[in-house]
Amino acid sequence: MFILKESQIESYLRQKVKDLGGIAYKFVSPGNSGVPDRLVLLPEGRSVFVELKAPGKKPTKLQLVQHKRMQALGHEVRVIDSREQVDAWLQEL
């Protein structure tokens with residue numbers, strides 16, 4: 001059974017977002033460990049932080065703290081660990 005790496009899911013996300021006319025910026029915030037991997041900007045002003053994980057992996061405690069901080073400010077944070085989850089999320093939009 002072939003298991004995808006996190007980097008392969010990240011590449012898939014970038015391409016799918018691009019196909020929709022959006023941008024999936026690599027997100028880094030020096031001094032703020034645990035922030036999500038990508039800031040996805042979609043048409044019509046929608047922005048979402050996306051944490052990418054290898055299949056079956058879960059965010060660390062520090063990542064969850066950062067996610068909750070962002071969500072408390074009204075920002076959407078998604079955790080995605082498969083191509084299927086990328087597709088399902090983009091279908092929701």
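Which residue takes a positive phi in the hairpin of β2 and β3? In this predicted model, the residue is glutamate 44, with a phi near 70°, and the hairpin has three residues between its strands.

**Strand pairing**

The two strands of that hairpin run antiparallel and are joined by five bridges. Leucine 41 stands opposite serine 47 in β3. Strand β2 also pairs with strand β1 (residues 23-26), again in the antiparallel sense, over four bridges. Here isoleucine 23 stands opposite leucine 41 in β2. The covered face of β2 carries Arg38, Val40 and Leu42, whereas Leu39 and Leu41 lie on the uncovered one. In a regular strand, side chains alternate between the two faces of the sheet.

**Nonpolar core**

The largest nonpolar core has 14 residues. Leu13, Val40, Val50, Ile80 and Trp89 have the most contacts inside it. Two or more residues come from each of α1 (6-19), β2 (38-42), β3 (46-52) and α3 (83-92). Leaving aside residues up to four places away in sequence, isoleucine 80 touches Ile9, Val50, Glu51, Leu52, Lys53, Gln85, Val86 and Trp89.

**Helix α2**

Helix α2 (residues 61-72) has 12 residues and reaches 16 Å from its first C-alpha to its last, close to the 16 Å expected. Its buried residues are Gln63, Gln66, His67 and Met70. Seen down the helix axis, these buried residues of α2 fall within an arc of 100°, so they line one face. Their cover includes β3 and β4 (77-80). On the other side of α2, Lys61, Lys68, Arg69 and Ala72 are exposed. Glycine 74, with a positive phi near 95°, follows the helix.

**Salt bridges**

The count of salt bridges comes to five; three are listed below.

| Pair | Closest N to O distance |
|---|---|
| Arginine 38 and glutamate 10 | 2.8 Å |
| Arginine 78 and glutamate 76 | 2.9 Å |
| Arginine 78 and glutamate 92 | 2.8 Å |

Arginine 38 in strand β2 and glutamate 10 in helix α1 form a salt bridge that links distant parts of the chain, 28 residues apart. Arginine 38 counts as buried because its relative accessibility is 9%, under the 20% limit. Glutamate 10 is likewise buried, at 9%.

The salt bridge of glutamate 92 with arginine 78 also links distant parts of the chain, helix α3 and strand β4, 14 residues apart. Arginine 78 is partly exposed, at 24%, as is glutamate 76, at 22%. Glutamate 92, at 54%, counts as exposed. Arg46, Glu76, Arg78 and Glu92 are linked in a network of salt bridges.

Notes. Residues numbered from 1 in each chain as written. Predicted model: local features only at pLDDT ≥ 70, side-chain atom pairs only at ≥ 80, totals over all residues. Heavy atoms only, no water. Core = buried A, V, L, I, M, F, W, Y, C linked by side-chain atoms within 4.5 Å. Buried < 20%, exposed > 50% of the residue type's maximum accessible area, 1.4 Å probe, protein only. Contact = heavy atoms within 4.5 Å. Expected span 1.5 Å × (residues − 1). Arc of directions from axis to C-beta. Pairing = 2+ DSSP bridges. Salt bridge = Lys/Arg side-chain N within 4 Å of Asp/Glu carboxyl O.
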